[in-house]
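Me: I'm new to reading protein models and would love a close look at one part of this one. Could you walk me through the largest pocket, and then show me how its surroundings connect to the rest?

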Amino acid sequence: RSSRSSTMSCAAAANANAAVRVIARPSSSTRERRVAVVARAVDQSLNPRVAALNASKTVALTDLARSMKDAGADVIGLAAGEPDFATPEAVREAGKRAIDDGFTKYSPNDGTAGLRAAIAKKLKDENGLTYDASEIVLSNGAKQSVAQCVMAVCGPGDEVIVPAPYWVSYPEMVRLSGAESVILRTTADEGFLVTPEKLRAAITEKSRLLILCSPSNPSGAVYPKETLEELAKIVVEHPRLMVLSDEIYEHIVYAPAEHHSICGMKDMWERTMVVNGFSKSFAMTGWRLGYVAAPKRFARAMSMIQSQITSGPNSISQEAAMAALSLGYKGGDSVAEMVRAFEQRRNFVSARLNAIDGVKLPSVDGAFYVFPDVSALFGGDAEAEGFGPIADVDELCRYILEKGQVALVPGSAFGVPECLRISYAASNATLEDALTRIEKCLDPSLLKRNSSAAAR
């Protein structure tokens with residue numbers, strides 16, 4: 001290009017705030033010199049935000065358990081957050097028909113109009129929330145929806161209030177946005193729920209987003225309507241503060257607990273982004289389909305982000321999701337049957353864990369995890385026969401994996417290093433075997449307790 005056209009291009013890019021640099025075409029000798037430099041040393045630096053990311057322990061442990069099984073080890077994996085049930089038959093059949101009927105092309109960026117309208121109807125009928133289809137953005141899983149919520153409203157200088165225990169990816173998504181996580185610790189005595197007093201104390205002029213997950217991964221806690229009403233009263237006092245309500249486990253709730261969305265509380269619609277999807281309630285983890293419902297300005301921002309990263313979600317999965325939403329109110333009999341099985345498993349696992357000396361388990365009202373406090377089993381003089389000292393919960397999980405061949409997730413991954421997470425999304429026979437192995441590993445004859453913890 002001429003120097004004049006290059007100058008004009010640079011000016012245009014600057015005016016558009018584009019991170020683009022236009023240079024003249026290099027000569028042959030220049031290219032040769034550059035190749036020589038590259039051959040000597042390649043710059044290995046990364047974006048600092050990416051370099052600061054932590055790997056997901058749940059993914060790492062799930063992959064480790066899978067690789068050990070592939071190598072012939074008799075490992076039981078209770079680390080993954082994935083229903084063990086098959087996707088409902090009607091949904092599977094709809095996916096097959098979609099392929100046969102030619103639904104194999106690019107989807108509209110926000111998802112098909114028909115599915116967005118069906119989701120709007122679901123939100124109205126089941127949650128009492130009113131959205132236009134244009135305020136719904138479908139993505140490749142609820143994980144992408146959560147990330148795009150954070151990216152759309154948060155940036156450097158902002159604070160995001162993240163209650164602990166938290167889903168492992170929340171702080172890392174905040175880190176990628178350039179904002180800062182403010183970890184708000186909750187306790188088992190509080191039911192792992194944010195109290196109004198703690199929320200009020202955590203809010204500053206920099207607070208931009210509060211992330212709530214109900215039912216909770218990893219604790220199984222479910223926010224009562226009364227608590228959400230009190231939290232909402234505090235949120236609306238702060239015009240900059242928005243809420244990301246992660247409701248991916250909404251149908252997996254055990255009576256008398258009930259699911260409520262903070263979006264339905266007074267004056268909260270315009271300041272809430274509701275994330276949901278099909279992975280958990282409909283056992284569709286591999287179909288990768290989630291969505292966010294938000295006021296139009298924020299929905300458009302997330303749509304724009306998505307258009308530059310992945311474009312629209314899987315077209316076949318969207319046809320299957322239409323069938324899922326046609327199963328009936330709250331998923332109909334297919335989902336109700338799955339929830340009854342999860343509840344029976346919760347009762348079985350809870351009873352077995354509560355009988356183990358040194359394990360304390362709060363009540364579990366939803367999702368398919370238990371999150372027991374095991375702090376009496378590590379630290380201080382805690383030691384396992386044939387393994388050695390158990391310094392922390394990560395070492396405890398490594399001991400159980402090595403000696404009992406059961407993969408669990410340490411609570412440090414969720415911001416609560418006193419606990420560990422067990423998924424009971426497994427068959428009754430698998431859970432029976434796993435609990436027997438865990439009980440053996442934690443038997444006082446093999447695992448000496450932390451005497452200082454016992455004294456407390």
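Reply: Helix α4 gives the most to the lining of the largest pocket, with five residues. Keep in mind as you look that this is a predicted model. To find α4 on your screen, go to residues 57-70. The other element that gives two or more residues to this lining is helix α7, which you will find at residues 142-153.

Now for the pocket itself. About 640 Å³ of space lies in it, and 29 residues line the largest pocket. If you would like a place to aim your view, Gly 81, Lys 143, Trp 167, Lys 280 and Arg 288 are the lining residues nearest its centre. What classes of residue make up the lining of the largest pocket? Eleven are nonpolar, ten are polar and eight are charged.

Let's follow α7 away from the pocket, to a helix that it packs against. Two packed helices are described by the angle between their axes and the distance between the axes. For α7 and helix α11 (residues 296-309), the angle is about 115° and the axes lie 9 Å apart. Angles of 65 to 115 degrees count as roughly perpendicular, and α7 and α11 are therefore roughly perpendicular to each other. Their crossing is right-handed.

Which residues make the contact between α7 and α11? From α7 come Gln 144, Gln 148, Cys 149, Met 151, Ala 152 and Val 153. From α11 come Phe 298, Ala 301, Met 302, Ile 305, Gln 306 and Ile 309. Sorted by class, this contact of α7 with α11 has nine nonpolar residues, three polar ones and no charged ones. Compare that with the lining of the largest pocket, where eight residues are charged.

It helps to set a second pocket beside the first. The second largest pocket holds about 480 Å³ of space and is lined by 21 residues. Those nearest its centre are Glu 250, Val 253, Glu 258, His 259 and Lys 330. Helix α13 (332-354) gives the most to the lining of this second largest pocket, with six residues, and helix α6 also supplies at least two. By class, the lining of the second largest pocket divides into eight nonpolar, seven polar and six charged residues.

Just as α7 led us from the largest pocket to a helix pair, α6 can do so here. Helix α6 (residues 113-127) packs with helix α12 (residues 315-325) at an angle of about 30°, with the two axes 10 Å apart. Angles under 35 degrees count as roughly parallel, so α6 and α12 are roughly parallel to each other. The crossing of α6 and α12 is left-handed. Gly 114, Leu 115, Ala 118, Ile 119 and Lys 122 of α6 meet Gln 318, Ala 321, Met 322 and Leu 325 of α12. This contact of α6 with α12 has six nonpolar, two polar and one charged residues.

Finally, look at the enclosed spaces. The structure holds four cavities of 30 Å³ or more, and the largest cavity has a volume of about 130 Å³. Its lining has 16 residues, with Pro 163, Pro 165, Cys 213, Ser 216 and Tyr 223 nearest the centre. Strand β5 (207-213) gives the most to the lining of the largest cavity, with three residues. Twelve residues of that cavity lining are nonpolar, four are polar and none is charged.

Notes:
Residues are numbered from 1 along each chain as its sequence is written. This is a predicted model: local features need pLDDT of at least 70, side-chain atom pairs count only at pLDDT 80 or more; totals for chains, interfaces and linings use all residues. Side-chain values use heavy atoms; hydrogens and water are left out. Axes are lines fitted to C-alpha atoms, for helices over the stretch in contact, and angles run from 0 to 180 degrees between N-to-C directions. Helices (H or I, at least four residues) and strands (E, at least two) are DSSP runs, numbered from the N terminus. Angles under 35 degrees count as roughly parallel, over 145 as roughly antiparallel, 65 to 115 as roughly perpendicular and the rest as oblique. A crossing is left-handed if the near helix is turned anticlockwise from the far one by less than a right angle, and right-handed if clockwise. Contact means heavy atoms within 4.5 Å. Ala, Val, Leu, Ile, Met, Phe, Trp, Tyr, Cys and Pro count as nonpolar, Asp, Glu, Lys and Arg as charged, and the others, Gly among them, as polar. On a 1 Å grid over the protein atoms alone, a cavity is a set of points where a 1.4 Å probe fits but cannot get out, and a pocket is an open set with protein on both sides within 12 Å along at least five of seven lines; lining residues have an atom within 4 Å of a point. Grid points are joined across faces, edges and corners, and a volume is the space filled by probe spheres set on the points.
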